[in-house]
Structures are given as C-alpha cells and as structure tokens.
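Thank you for passing this model along; my remarks are set out below as numbered points, and I would ask you to read them with the coordinates open beside you.

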Amino acid sequence: MSNRLVVAALAVALAGSAFAAPPESHLLPPDQHSSEKARGLARRYADALRELNTGIYHCLPWLVVPNNSIGFFKPKHLANDARYLSLRVYVEQDASPQFTALEFEGRASAMYSRYVGEMLRRMTRDASILADADVDGFTVIIGWLKRTTQGGQPVHETIAVFADRATAADFLGGRAKIADFAGRTVVLGYDGQQALGPVRLKAWEDNFVSNFQVANYQPAPGVTCH
Amino acid sequence: MRGTTPRALLLGAALLGATGCATGEEWEVWKSNPAHFASGEHLKFSMKNREGKPAEVSRDDVEQARQQNWFGKAITVRQEEILEQ
C-alpha cells in the first residue's frame, strides 16, 4: 500500500490553481448568521473555516460534513448571544460487534474519545480563534449509524459536545487531559430524533484519526495530508 | 470500535478484490468488512480499476459511492434542535 495517508496533522498545499475544493455549502454563509457578532466572526475567520472544511473533506474522507454545518452558531441551551465555533460530522463506518454491543453511553464515549479532541485541534489551527474573546466556545456534533433501523429507515445516534473557550484552551494547551476535559464539557445525546438529555461520558486517548489510512485512497492532486 | 471501517475503506477493499493484487493483510480487512455493490454504477467504478493497474480510490470515487446512498436517508436530530444560526 504505497499511498499512505497520515492524518495526525494536516496541511493542505495548493499546487497551482487546480484543486478539488469541497463544497462551500458545508459552511453557513456569514450573512445567514443571525447576529452581527456571529456574522463578524464568520467573516473574520472565513479562511480558517474553509481550511477546516477542506482538510476534513480531503484527508478524513470517511467523515461527512452536512450543509451549513460549520459556523459560529449559538447553542440552544445557552443564554444571550453565546457564539460557539461549531462543526457537525457524520462518521461513516462499519461498526464492530464490540462497538454495537455497548450501551449508548459506551458508544458515545468511544466516539467522543476518537473525534472530539481531534476536531477541536483542527478547529483551532488558526490560534487567533482560541484567543478571540468573541468566540465563547466550541461545539462538536458527531453522528453515527445505529445498528437497528426504524420502520426500515436507518437511524443516527448523535452527541453534541459543548466546551466553553477556557475549557477548550486548557485541553488544547495540554493543561487538561481528555478525561478531565470530558468532565468539563456539556454533552447532549440523541437517538434518532429523540433527545436523551445530558449524558456523562468517559473519555480516553485514542489515536485512530492519527493512524488510520483508507486503503488505496489517493488524495486529489495538489493535496497533501500529514 | 477497533473494527471501525468507513465505507470508503470498503470501496478500497472492493477494488482490491477486483484487481487480484491484494496483500494478505488487505484481504483480511476485506473479509472482515463484507459489503455489497450498491448499484451497477458502483460496480462499474470497481471494474475500471482492473487490468493489473494499481487500485486507487479518489475523493471523487468516495463521493460518488456516498451519493448512491447505500443505507437510505437516516433519521437524525435536526441541527435546529441543537444550534441556532
């Protein structure tokens, strides 16, 4: 397997102008944010959000970013105009029997461990985002396919993870381990469309995203993932 | 979740099956993650990598397979239930 893809860290290099760009529709356009604060953030960090989108699209192709899933959203459970840089992804996977045999909290803990820290690191590659007082925090929403269907229709399980900026900064700055970080974040669970409310999860170090390579996957010309 | 495998990986595994040049390790991955061709289009995509050429999966191939919507539209929480624009 000669086409090794290392995804621990990512740099997308442009070779000339030929580049298979991911859909811009993954990003919530600045003018569709409902407050001036959010619109300002979306304009200020437009390049960083585009790079986040591009990196996931090309280097983590098993993650699906739905339309309007990257932006400075307001978590519904928070008051005022708290603006969190938010990212929603679906994980396309064939789950192992061990994974599907777990309770929801177990599956959610595994997904949290695997993706939340990595997504946060990608969302803050532009360090000024983490330092910006207008950025109140970060949201990572992760969905995955449930083993059972509902009326023959597939069902997603979802967790929405909210970290205020100080909590995120402690984790990203190495002052909090992932297990401590998980205890300080708010996590809401969903079974299909049904809200499960706040869930308490355990989290552990998981380097899957750093090490996993899709067999024979060849990034688009001009894209380098490392 | 140790066996986590994206559909894209399955595509790659399917291609290996078509080319007949899979390593033992790759066959193990393929055997442990059985999948079906979703459509004739997917099969066509697999076939184009035959004739002894190294199998490659491009980002476009991944997207094409995804758009065939193997498992149908999923029931999931609306983003508006979690976030406000």
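1. In this predicted model, the largest nonpolar core has 54 residues, and those with the most contacts inside it are A:Trp62, A:Leu63, A:Tyr112, A:Tyr115, A:Met119, A:Ile142 and A:Ile159. Helix α4 of chain A, which covers residues 104–123, supplies the largest share of this core, namely ten residues. A second, separate core is made of twelve residues, among them A:Tyr84, A:Ile141, A:Tyr190 and B:Ile82. As background, nonpolar side chains tend to be buried together in soluble globular proteins.

2. A:Leu63 deserves a look of its own, and one may ask which residues A:Leu63 touches once those up to four places away in sequence are not counted. The list consists of A:Ile56, A:Val89, A:Tyr90, A:Val91, A:Tyr115, A:Met119 and, from the other chain letter, B:Arg66.

3. Turning to the chain as a whole, chain A contains eight helices and eight strands, and buried residues make up 54% of its 226 residues. Among the contacts in chain A between residues at least 6 apart in sequence, 70% join residues at least 24 apart.

4. Helix α1 of chain A, spanning residues 36–44, has A:Ala38, A:Gly40, A:Leu41 and A:Ala42 as buried residues. The buried residues of α1(A) pack against α2 and against β2 (70–75), both of chain A.

5. How much space lies in the largest pocket, and what lines it? The volume is about 980 Å³, and the lining comprises 40 residues, of which A:Val64, A:Pro66, A:Tyr90, A:His156 and B:Lys73 lie nearest the centre of the pocket. Residues of both chains take part: α2 (46–59), β1 (63–64), β3 (84–91) and β5 (153–164) of chain A, together with α4 (59–67) and β2 (83–84) of chain B, each supply at least two residues of the lining. The largest share, four residues, comes from α4(B). By residue class, the lining of this pocket divides into 15 nonpolar, 15 polar and ten charged residues. A:Tyr90, one of the residues nearest the centre of the pocket, is also among the contacts of A:Leu63.

6. The structure holds two cavities of 30 Å³ or more, and the second largest of these has a volume of about 30 Å³. Its lining is formed by A:Tyr112, A:Ala182, A:Thr185, A:Val187, A:Val199, A:Arg200 and A:Leu201, which divide into five nonpolar residues, one polar and one charged. A:Tyr112 thus appears in this lining as well as among the residues with the most contacts inside the largest nonpolar core.

7. Is A:Arg83 buried or exposed? A:Arg83, which lies in the loop between β2 and β3 of chain A, counts as buried because its relative accessible area is 1%, against a cut-off of under 20%. The side chain of A:Arg83 makes a polar contact with the side chain of A:Asp81, at 2.8 Å.

8. A:Gln153, by contrast, sits in strand β5 of chain A and is classed as partly exposed because its relative accessible area of 34% falls between the limits of 20% and 50%. Leaving aside neighbours within four places in sequence, A:Gln153 is in contact with B:Lys73, B:Ala74 and B:Ile75. B:Lys73 is also one of the residues that lie nearest the centre of the largest pocket.

Conventions
Residues are numbered from 1 along each chain as its sequence is written. Chains are lettered from A and ligands numbered from 1 in the order in which they are written. This is a predicted model: local features need pLDDT of at least 70, side-chain atom pairs count only at pLDDT 80 or more; totals for chains, interfaces and linings use all residues. Side-chain values use heavy atoms; hydrogens and water are left out. On a 1 Å grid over the protein atoms alone, a cavity is a set of points where a 1.4 Å probe fits but cannot get out, and a pocket is an open set with protein on both sides within 12 Å along at least five of seven lines; lining residues have an atom within 4 Å of a point. Grid points are joined across faces, edges and corners, and a volume is the space filled by probe spheres set on the points. Ala, Val, Leu, Ile, Met, Phe, Trp, Tyr, Cys and Pro count as nonpolar, Asp, Glu, Lys and Arg as charged, and the others, Gly among them, as polar. A nonpolar core is a set of buried Ala, Val, Leu, Ile, Met, Phe, Trp, Tyr and Cys residues joined through side-chain atoms within 4.5 Å. Buried means under 20% relative accessible area, exposed over 50%, partly exposed in between (1.4 Å probe, protein chains only). Contact means heavy atoms within 4.5 Å. A polar contact is a pair of N or O atoms within 3.5 Å; within protein, one must be able to donate a hydrogen and the other to accept it, and residues adjacent in sequence count only if both atoms are side-chain atoms.
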